Amino acid sequence: QVQLVESGGGLVQLGGSLRLSCTASGSIFSIWDMAWHRQVPGKERELVAGITAGGSTNYVESVKGRFTISRDNAKNMVYLQMNSLKSEDTAVYYCNAQIISQTDRRLRDFWGQGTQVTVSS
């Protein structure tokens with residue numbers, strides 16, 4: 001069984017920083033694209049940042065220049081460094097990864113349980 005577990009969320013002041021981490025564990029054969037998404041009540045989940053296995057990244061326009069996604073392939077981890085946080089960044093942040101498991105060698109999407117980020121003024 002494959003699991004994604006996020007950490008690092010919390011309450012931060014306007015303009016502050018947070019670093020989210022996500023660890024993939026379990027019966028993993030390989031990990032392809034990894035990403036961070038976020039969702040606020042009443043809105044659809046949106047892609048915040050993505051990173052390929054080779055390290056290519058993409059960001060939603062609203063976080064460009066403030067957020068940085070990175071990954072450690074040896075540790076099966078992905079990170080999201082969030083700087084200059086704004087109130088509109090308040091959301092539940094979800095880790096997502098495309099993983100081939102050892103059990104059936106099929107590529108599947110996996111999601112973490114989410115971590116709350118609240119930016120206060």
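Let me start with the disulfide between Cys22 and Cys95, which is left-handed, with -80° about the S-S bond. That link joins distant parts of the chain, since Cys22 sits in strand 3, residues 18-26, while Cys95 belongs to strand 9, and the two cysteines are 73 residues apart. The sulfur-to-sulfur distance is 2.1 Å, and I should say straight away that these values come from a predicted model. As a reminder, a disulfide is a covalent bond between the sulfur atoms of two cysteines. The structure holds 1 such link.

How accessible are the two partners, buried or exposed? Cys22 has 0% relative accessibility and therefore counts as buried, and Cys95, also at 0%, is buried as well.

Staying with strand 9, which covers residues 91-101, we come to Ser101, which is placed in that strand. Ser101 has a relative accessible area of 5%, and because buried means under 20%, this serine falls in the buried class. What does the side chain of Ser101 make a polar contact with? The partner is the side chain of Thr103, at 2.9 Å. If we leave aside residues up to four places away in sequence, Ser101 touches Val2, Ser27, Ile28, Phe29 and Arg106.

Now compare that with another serine, Ser121, which lies in the segment after strand 11, the strand that spans 115-120. Is Ser121 buried or exposed? Its relative accessibility is 92%, and because the exposed class begins over 50%, Ser121 counts as exposed. For those of you looking at the backbone trace, the C-alpha atoms of Ser121 and Ser87 are separated by 7.3 Å, although these two residues are 34 apart along the chain.

Let me turn, finally, to the aromatic rings. How many aromatic pairs does a search of the whole structure find? The search returns 0. There are, however, arginines placed over ring faces, and I would like to go through two of these arrangements. In one of them, Arg19 lies over the face of Tyr79, at 4.1 Å from the ring centre. In the other, Arg45 lies over the face of Trp111, and here the distance from the ring centre is 4.8 Å.

To draw the parts together, we have a left-handed link of Cys22 and Cys95, a buried Ser101 and an exposed Ser121, and, on the aromatic side, Arg19 over Tyr79 and Arg45 over Trp111.

Methods. Residues are numbered from 1 along each chain as its sequence is written. This is a predicted model: local features need pLDDT of at least 70, side-chain atom pairs count only at pLDDT 80 or more; totals for chains, interfaces and linings use all residues. Side-chain values use heavy atoms; hydrogens and water are left out. Rings of Phe, Tyr and Trp (its six-membered ring) pair if their centres lie within 6.5 Å; planes under 30 degrees apart count as stacked, over 60 as edge-to-face and the rest as tilted. A charge sits over a ring if NZ of Lys or CZ of Arg is within 6 Å of the ring centre and within 35 degrees of the ring normal. Helices (H or I, at least four residues) and strands (E, at least two) are DSSP runs, numbered from the N terminus. Buried means under 20% relative accessible area, exposed over 50%, partly exposed in between (1.4 Å probe, protein chains only). A polar contact is a pair of N or O atoms within 3.5 Å; within protein, one must be able to donate a hydrogen and the other to accept it, and residues adjacent in sequence count only if both atoms are side-chain atoms. Contact means heavy atoms within 4.5 Å. A disulfide is a pair of cysteine sulfur atoms within 2.5 Å.
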